[in-house]
Amino acid sequence: MQDLRKRSGKRCIDVCNCDADGLCSILQWRLHEPKESTILALMDAEASLVGRVHTRPGDEFLMCDIPIEPNRSTLLQLLQAGARVQYFNHYVTDEIPYHPGLRATIDACKQTSTSLTVDRLLGGKFRKWAVVGAYGKRTTYAAESLALEMGIGSDTRARLRELGKLISYNACATHERNACIPPSQLYERLSQYRDPLEFLRSESLASELDAARRDDLAKASALAPFWQDENACVYVLPDTPWAHRVACGLDEELAANNPTRAHAFLCDDGKGGFSAKVRVARSEWPREPSSHGPAAGCERPRLWVIDHLPAGELNHFIQAFSASRWGRLRSPVFRAAR
């Protein structure tokens, strides 16, 4: 991670979530408006910019796929210090701050993503990258609709879909040291191409990420569940880089094989407890509507996150997890994954 405090003079800083949606949003805008900039890409488990950015009057920030609510105070501090901020996201917010230095474009529609929001503002100039970002965010129906509108065939759609999933898989680690490739390096390689198909033709990175993901899944699949019943299954993963990555991939595979069972994946959080990802039973996933009616829409997984579960609360968590009915979940210990 680059230390932004060491740069002198006016700076241009690009901040995003490092999943496919965040990186493809920044990528589209920088293809449209090239500038020498520093990229600050947050891992999927991160949400707060507190202490991560420092500014001077005249600094320019491009922020994509970063929710306002956990960053409201930081955003206001940047603006009050004289920074200018171009802001895109798709997260619901109570109120968009008003400031002459802020240009915010927010579309909280459930069937959209930040990369699609940027795409609409740019009039589709780099739409294939928007499709990659939407696939990576699992807004599958929107991505498919846009790709079909462009006349992209099924084989090419599958390649773009896989690229989006692989970029987002790299973002699943709790810290960039556990990622397959540091997000800033991943962005640097992606940003050399105006078209993701050209990237796939010229680079081996997608194949490398796919091989790493398959290896991670093979290791995880060899583990026995820590606990399970007919409603739920809990895995406690070892404190290794692959384990910190794999929760987002293993849950999809298990959800497909066990559609009526919820899954929880716990990793050591370095604070005397666990971080956890909880995947709702596939049978309870909501569906995105389609032009053929709600029943024909695409499923969207429901993923919840526990930032810190004390080790002594593990048994209590298991009892509550098994008894949960996810459609009515309101427990304050969980937060929806971004």
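Which residues in α5 are buried? In this predicted model, the buried residues of helix α5 are Ala 142, Ala 143, Glu 144, Leu 146 and Ala 147. These buried positions pack against three other helices, namely α3, α4 and α6. Just beyond the end of α5, Gly 151 adopts a positive phi of about 80 degrees. On the other side of α5, the loop that joins α4 (127–136) to α5 (140–149) contains Arg 138. The phi of Arg 138 is likewise positive, near 70 degrees, in a residue that is not glycine. Arg 138 counts as partly exposed because its relative accessibility is 23%.

The chain as a whole comprises 11 helices and 11 strands. Of its 338 residues, 51% are buried. Contacts between residues at least 6 apart in sequence join residues at least 24 apart in 65% of cases. The mean pLDDT of the chain is 85, and 87% of the residues attain 70 or more. Two stretches with lower values may be noted. Residues 289–300 have a pLDDT below 50, although the model places this stretch in 30 contacts beyond near neighbours in sequence. The pLDDT is also below 50 over residues 327–338, a stretch with 31 contacts beyond near neighbours in sequence.

Five strands form an open sheet in the order β2-β1-β3-β4-β5, and their pairing is parallel. Strands β2 (38–42) and β5 (102–106) lie at the edges, each paired on one side only. The average turn between neighbouring strands of this sheet is 10 degrees, direction ignored. Within the sheet, β3 (residues 60–64) and β4 (residues 84–89) are joined in the parallel sense by five bridges. Glu 60 is placed opposite Arg 84 of β4. Helix α3 (residues 114–121) packs on the sheet, where it touches β3, β4 and β5. The direction of α3 makes about 115 degrees with that of β4.

The loop between β3 and α2 (72–80) holds Asp 65. The phi of Asp 65 is near 65 degrees, a positive value in a residue other than glycine. Where Arg 138 is partly exposed, Asp 65 counts as buried, because its relative accessibility is 0%. At the edge of the sheet, strand β2 includes Ala 41. Ala 41 is classed as buried because its relative accessibility is 5%, which falls under the 20% cut-off. Although Ala 41 and Cys 18 are 23 residues apart along the chain, their C-alpha atoms are separated by 4.9 Å.

In soluble globular proteins, nonpolar side chains tend to be buried together. The largest nonpolar core of the model has 48 residues. Leu 23, Trp 129, Leu 163, Ile 167, Leu 190 and Phe 199 have the most contacts inside this core. Helix α1 (residues 20–32) makes the greatest contribution to this core, with seven residues. Another core, apart from the largest one, has 17 residues, including Ile 13, Leu 40, Leu 75 and Val 85.

The surroundings of Leu 23 link several parts of the chain. With its neighbours within four places in sequence left aside, Leu 23 is in contact with Cys 16, Asn 17, Cys 18, Ala 41, Ile 167, Leu 186, Tyr 187 and Leu 190. Helix α1 also contains Gln 28. Gln 28 counts as buried because its relative accessible area is 0%. The contacts of Gln 28, again without neighbours within four places in sequence, are Ser 115, Val 118, Asp 119, Leu 122, Phe 126, Trp 129 and Ala 130.

Helix α6 (residues 154–170) permits a check of helix geometry. At 1.5 Å a residue, its 17 residues should span 24 Å, because the expected span is 1.5 Å times one less than the number of residues. The end C-alpha atoms of α6 are 25 Å apart, which agrees with the expected span. The buried residues of α6 are Arg 157, Leu 160, Leu 163, Gly 164, Leu 166, Ile 167, Ser 168, Tyr 169 and Asn 170. An α-helix has 3.6 residues a turn, so residues three or four places apart point the same way. Among the buried residues of α6, Leu 163 and Ile 167 are also listed with the most contacts inside the largest nonpolar core.

Technical notes:
Residues numbered from 1 in each chain as written. Heavy atoms only, no water. Core = buried A, V, L, I, M, F, W, Y, C linked by side-chain atoms within 4.5 Å. Buried < 20%, exposed > 50% of the residue type's maximum accessible area, 1.4 Å probe, protein only. Helix = DSSP H or I, 4+ residues; strand = E, 2+ residues; numbered from the N terminus. Contact = heavy atoms within 4.5 Å. pLDDT = per-residue confidence, 0-100. Pairing = 2+ DSSP bridges. Axes fitted to C-alpha atoms, helices over the stretch in contact; angles between N-to-C directions.
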